[in-house]
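Colleague: I should like to go through this chain with you, one question at a time. Please show the sequence and the structure.

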Amino acid sequence: MSKLHIKKGDTVYVNAGEDKGKTGRVLKVLVKEGRAIVEGINMVSKSTKPNAKNPQGGIVKQEASIHISNLNPVDPKTGKATRVGRKESSLEGKRTLVRYSKKSGEEIK
């Protein structure tokens, strides 16, 4: 399996689907399924039984996962969707692989 181009905490742009054009923060990445849960994107209604957290029960809105191919990271410089590249960076003698924006060349943290 190849490396994924998004990580938890990234701000992403939605390329396709019902929420096309929206941006949100990645809450969780489901690596095996190739999907991610993004804050405020792909909201679904779920029925819940009464419990300690929700004593009334009823219908709860929550985020469902979205396929990673429909997401692109947002460029830190321009604020638009970008592709991701990887390059080696040497900080204090340590060589690490960092992600960078293909549009601006700026590192994605």
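Colleague: Is Ser 89 buried or exposed?
Modeller: This is a predicted model, in which local features need pLDDT of at least 70, side-chain atom pairs count only at pLDDT 80 or more, and totals for chains, interfaces and linings use all residues. Residues are numbered from 1 along each chain as its sequence is written, and side-chain values use heavy atoms, with hydrogens and water left out. Buried means under 20% relative accessible area, exposed over 50%, and partly exposed in between (1.4 Å probe, protein chains only). The relative accessible area of Ser 89 is 18%, so the residue is buried.

Colleague: Where does Ser 89 lie, and which residues does Ser 89 contact beyond four places in sequence?
Modeller: Ser 89 belongs to strand β8; strands (E, at least two residues) are DSSP runs numbered from the N terminus. Contact means heavy atoms within 4.5 Å. Outside its neighbours within four places, the contacts of Ser 89 are Lys 94, Arg 95, Thr 96 and Val 98.

Colleague: Is Lys 80 buried or exposed?
Modeller: Lys 80 is located in the loop between β7 and β8 (84-91). Residues up to four places away in sequence aside, it touches Pro 73, Val 74, Asp 75 and Lys 103. With a relative accessible area of 55%, Lys 80 is exposed.

Colleague: How far apart in space are Lys 80 and Gln 62?
Modeller: In sequence, 18 residues separate Lys 80 and Gln 62. From C-alpha to C-alpha, the distance in space is 26 Å.

Colleague: What is the strand order of the open sheet of 5 strands?
Modeller: Two strands pair if DSSP finds at least two bridges between them. β1 joins β2 through 3 antiparallel bridges, and β1 also pairs with β7 over 3 bridges in the antiparallel sense. On the other side of β2, 4 bridges lead to β3, while 3 bridges join β3 to β6. The pairing is antiparallel and the order is β6-β3-β2-β1-β7.

Colleague: Why is one side of β6 and of β7 left without a neighbour in the sheet?
Modeller: Strands of a sheet pair through backbone hydrogen bonds, either parallel or antiparallel. β6 (65-67) and β7 (71-73) each have a single partner strand, so one side of each lacks a neighbour because both stand at the edges.

Colleague: Which residues of β1 point to one face and are buried?
Modeller: In a regular strand the side chains alternate between the two faces of the sheet. Strand β1 (residues 11-14) shows this alternation, with Thr 11 and Tyr 13 on the other face and not buried. The bridge partner of one of the remaining residues, Val 12, is Gly 24 in β2, and that of Val 14 is Leu 71 in β7. The buried residues are Val 12 and Val 14.

Colleague: Which residue in the turn between β2 and β3 has a positive phi?
Modeller: β2 (residues 23-30) and β3 (residues 35-38) run antiparallel, and Val 29 has Ala 36 as its bridge partner in β3. The two strands form a hairpin with 4 residues between them. At about 70 degrees, the positive phi belongs to Gly 34.

Colleague: Which residue lies over the face of Tyr 100?
Modeller: A charge sits over a ring if NZ of Lys or CZ of Arg is within 6 Å of the ring centre and within 35 degrees of the ring normal. At 4.7 Å from the ring centre of Tyr 100, the residue is Lys 87.
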